Amino acid sequence: MSHSKSQWRRLGLVVLAASPLLVASATDLDGRDPVPAGYASPPYYPAPYGGWDDGWSDAYEKAVTLVSKMTVAEKVNITAGSGRCVGNTGSVPRLGFPQLCLQDGPLGIRATDNNTAFPSGITTGATWSKDLMYARGVAIGEEFRGKGANIYLGPCVGPIGRKPRGGRNWEGFGADPVLQGIAAAATVKGVQEQGVISTVKHYLGNEQEMYRMYNPLQAAYSANIDDRTLHELYLWPFAEGVRAGTGAVMAAYNAVNGSACSQNAYLINALLKDELGFQGLVMTDWLAQISGVASALAGLDMSMPGDTFGNGVPLLGTSDWMYELTRAVLNGSVPVSRVNDMATRVAAAWYKMGQDDPDFPPPNFSANTADRVGPLYPGALISPTGVVNEYVNVQADHKVVAKQVAQEAITLLKNDGGLLPLTTSAPLFVFGTDAQADAQGINSCTDKSCDRALLGMGWGSGSANYPYLDDPISSLRRRTPNVTYYNTDTFPKVAAARDGDVAVVFINSDSGENTDTVEGNHGDRDASGLSAWHGGDALVQAAAAAYSDVVVVVHTVGPLIMEPWISLPSVKAVVVAHLPGQEAGDSLTEVLYGDVSPSGHLPYTIPVSESDYPSSVALISSPKLSQIQDTYSEGVYIDYRYFNKNGIKPRFAFGHGLSYASFAFSNATISRVDGELSPVPPARPPKPMSPVSTINTALPPAAEAYYPVGFVPIWRYLYSWLDNLSADLAHAVGASGGGNYPYPAGYSATQKPGPAAGGASGGNPALFDAAYTLSVTVTNTGTTGAAAGKAVAQAYVQFPEAAANGGLDTPVIQLRDFAKSASLAPGESATLQLQLTRKDVSVWDVVSQNWIIPNPGARYSVWIGQASDDLSVVCYTDTLACENGVQGPV
């Protein structure tokens, strides 16, 4: 045993309880629904070596030197391990390689103290600010480094938000691959500049929480995704994270096209390591590993925490790797070259971030206890104790960034009659438990697994402890004495409203990880649907009946159906504050009172009805005791792409967001960067020889795997050593030419040159060449005394019709870039720069397996505006002309 991710010591009960499973026999587990025709994960072997990207050459040179000195047990030991963080590797003390600390989560360092609880990913996406995405990443990286965590388990770009009820959509940045990719890349850059390894996750197709995990009773669901959809939607943000240099990628729990992500050779070897040229390490999600040799051959580099679960009883000291991986290397089942590459990838990421610097601190906290003194071996039944929490304060001034993200994400959906901003003279009557911090304690629910007060983040491993919580009601009371608060979700008896009275109603909708069930929701919003929790709709309706001026404030993990009240005449204003983290109070109050104008925009669509979505994105729950098949039959048409294709008008479109200021776009220009594009990108550079190939691949002696003399193992801890007899027996098999391991179909030990679409760190570098640059002037058209504000320019590409596009159908519009201005005073203007790359105007060709432009001379229309349904400027790639004041395409 190695850690307590999501308090895994209760996992055996929680996961089974959270998923409505039945007892099954072994025979039951052999069956599954067949993967539909046309969906496949073809074999791709061997695992490509790392070390062929020039940007990683120094790190790999050091890593190869280090790993060349390791014994087989030492190499294996840094692929899993035991310790005080949520995940840990082993160490190699004699060579100076430390135990690595892996720690959640995407919005801040989890299960510790004196940290910042930043706004969530979905909130960050709603800012539409590249600067804030990066600044948040810098601050998160500083805190992880300050706590001595080597690996930050974020950012999250999977799920992308295909399923509006999906439990962990809020950990990502929005329901679009470009929005996700830009935010992820900025986060990776910010975190890793602080010397902390980032982990882009969950790779891939983890769009639902229920039935995501393999366990002894049931296989995880299979996300069945066609090749084009995979490339154009779900792989896209991972490519951006890899291009930004992420040191780690986390494989998802589920299967893709019938093959578990943690041992899916096509996903890991073909797409991630060869096509995207990923140089870092691939780890499992916690307890996701379901095989030993198969996962090693498929390109997995690190098992977290190393214990079995999907194919055995967890937390009893059994593993598919560690001692078993050592045995597999000695008996010839796993090539020595593969374990060389695993260890080198781990060490290279460590060197790449400069963590060999003596100034990089060791962990100074424990994820297992909040006490200063605790068990030194937390997984053991009996353990010596010592100081495990030093309570190091890493907050610095990060509350400033946290507040700015929370504030610039606030999205004004409606403001009839200009009710907002409020005046301090207006009497406020505030309703809803969501306005106030939890009276039982802001961290009283483990991993935020309850919803009884202000919703600042969802629940699960993506949460963090609050150091404090600035709640809205406290902030409002600081601002004005004219506040009456009703801490209830049932409308109380109130005095008759007077002219000028304003009701502010707080409602929310929660979700999280499938480690806990909250109010009947198993991570996903399977019980609540897209409705407000705790009778929020009725609360708004009652307030609207009692008051003529109502402001609705929504804290939510994603889309919320607002039809029961959105058109009521008294509901004048609606504000979505998303998941603001610790700075939920003043960030909102300052917007409500007009100190700053709202500048957030929706990172997803809000529909009129949940039935407006395609049926294929509904949650799946059958058949039980089988591998559930989740087929992505909608293809590339999710969220606004689906609504536009089918002419469905949403309540509020993707990208929608109002301001107190008024903006107009003008003077748009478009330039072609380097002549007309070719239909196929220039050939990728040849893949150079990897330095990993220079490491000795001879069968190591059995003695390299022996337990050290006199070593006393701790029960339930995982070790890479074998007893002498087991090591000798395994070595004898390997020395005789190996056993009869049933290698998978298509297995090969010969390194491949790499696909045409591939290249170092992100794919063929030509894909990221700028193809077109655009500029547009945005002006605050208000008169003197009107509000200042920040404007967002969103750029969407409209491809040629299918007949002029190689017969390929494409969404009506697709987001490709965005830019946010500084605060503009009335009459002030700014010029915003936008860019399209070759990849932005390409489609994935499933035949040639490459990104192509079928008709480079055809017209691509680049639409610019303030939302996907508010696009008033268009530029054309064929004529290089732009028009202003035009009718948008949707």
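Let's start at C101, a buried cysteine with a relative accessible area of just 1%. Keep in mind that everything here comes from a predicted model. The partner of C101 is C85, and the two form a disulfide with their sulfur atoms 2.0 Å apart. C85 also counts as buried, again at 1% relative accessibility. If you look down the S-S bond of C85 and C101, the torsion is about -105°, so this disulfide is left-handed. As for what the bond holds together, C85 lies in the loop between helix 4 (72–77) and strand 1 (87–88), while C101 belongs to strand 2 (residues 101–103), so the pair ties together parts that are 16 residues apart in sequence.

How many disulfides are there in total? The count comes to three. Another one joins C445 to C450, with an S to S distance of 2.0 Å. Here the torsion about the S-S bond is about 105°, so the C445 and C450 disulfide is right-handed. C445 counts as buried, at 11% relative accessibility.

That leaves C875 and C882, whose sulfur atoms are 2.1 Å apart in their disulfide. The torsion about the S-S bond of C875 and C882 is about 110°, so this one is right-handed. The two ends sit in unlike surroundings: C875 counts as buried at 0% relative accessibility, whereas C882 counts as partly exposed at 25%. If you number the bonded cysteines of the protein in sequence order, the pairing reads 1-2, 3-4, 5-6.

Now for two cysteines without a bond. Why does C156 not bond to C261? The C156 sulfur has its closest cysteine sulfur in C261, but that one is 13 Å away, which is too far for a bond. A disulfide here needs the sulfur atoms within 2.5 Å. C261 is in no disulfide either, since its nearest cysteine sulfur, that of C156, is 13 Å off. As for accessibility, C156 counts as buried at 0%, and C261 is buried too, with a relative accessible area of 0%.

Back to C875 and C882, because their backbone has a story as well. C882 is in strand 28, and it is the bridge partner of C875. So these residues are joined by a disulfide and are also bridge partners. Strand 27 (residues 870–876) pairs with strand 28 in the antiparallel sense, over three bridges. Zoom out and you find an open sheet of five strands, in the order 22-21-26-27-28, with antiparallel pairing. Which strands are at the edges? Strand 22 (814–820) and strand 28 (882–884) are the edge strands, and each pairs on one side only. On average, neighbouring strands of this sheet are turned by 25° against each other, direction ignored.Next come the aromatic rings and their neighbours. The charged end of R859 sits over the ring of Y876, 3.8 Å from its centre. A similar arrangement involves K130, whose charged end sits over the ring of F818, 5.4 Å from the ring centre. F818 has aromatic company too: ring pairs link W128, Y640, F654, Y796 and F818 into a cluster.

How many aromatic pairs are there in the model? The count comes to 30. One of them is formed by Y719 and W721, which are stacked, with 6.1 Å from centre to centre and 15° between the planes. The label "stacked" follows from the angle, because planes under 30 degrees apart count as stacked. Y719 is buried, with a relative accessible area of 13%, while W721 is partly exposed at 24%.

To finish, have a look at D499. Where is this residue placed? D499 is found in the loop between strand 14 (483–486) and strand 15 (502–509). Is D499 buried or exposed? With a relative accessible area of 83%, D499 is exposed. Now trace the chain from D499 to N514: the residues are 15 apart along the chain, and their C-alpha atoms are separated by 47 Å.

Conventions: Residues numbered from 1 in each chain as written. Predicted model: local features only at pLDDT ≥ 70, side-chain atom pairs only at ≥ 80, totals over all residues. Heavy atoms only, no water. Phe/Tyr/Trp six-rings, centres within 6.5 Å; stacked < 30°, edge-to-face > 60°. Buried < 20%, exposed > 50% of the residue type's maximum accessible area, 1.4 Å probe, protein only. Lys NZ or Arg CZ within 6 Å of the ring centre and 35° of its normal. Pairing = 2+ DSSP bridges. Helix = DSSP H or I, 4+ residues; strand = E, 2+ residues; numbered from the N terminus. Axes fitted to C-alpha atoms, helices over the stretch in contact; angles between N-to-C directions.
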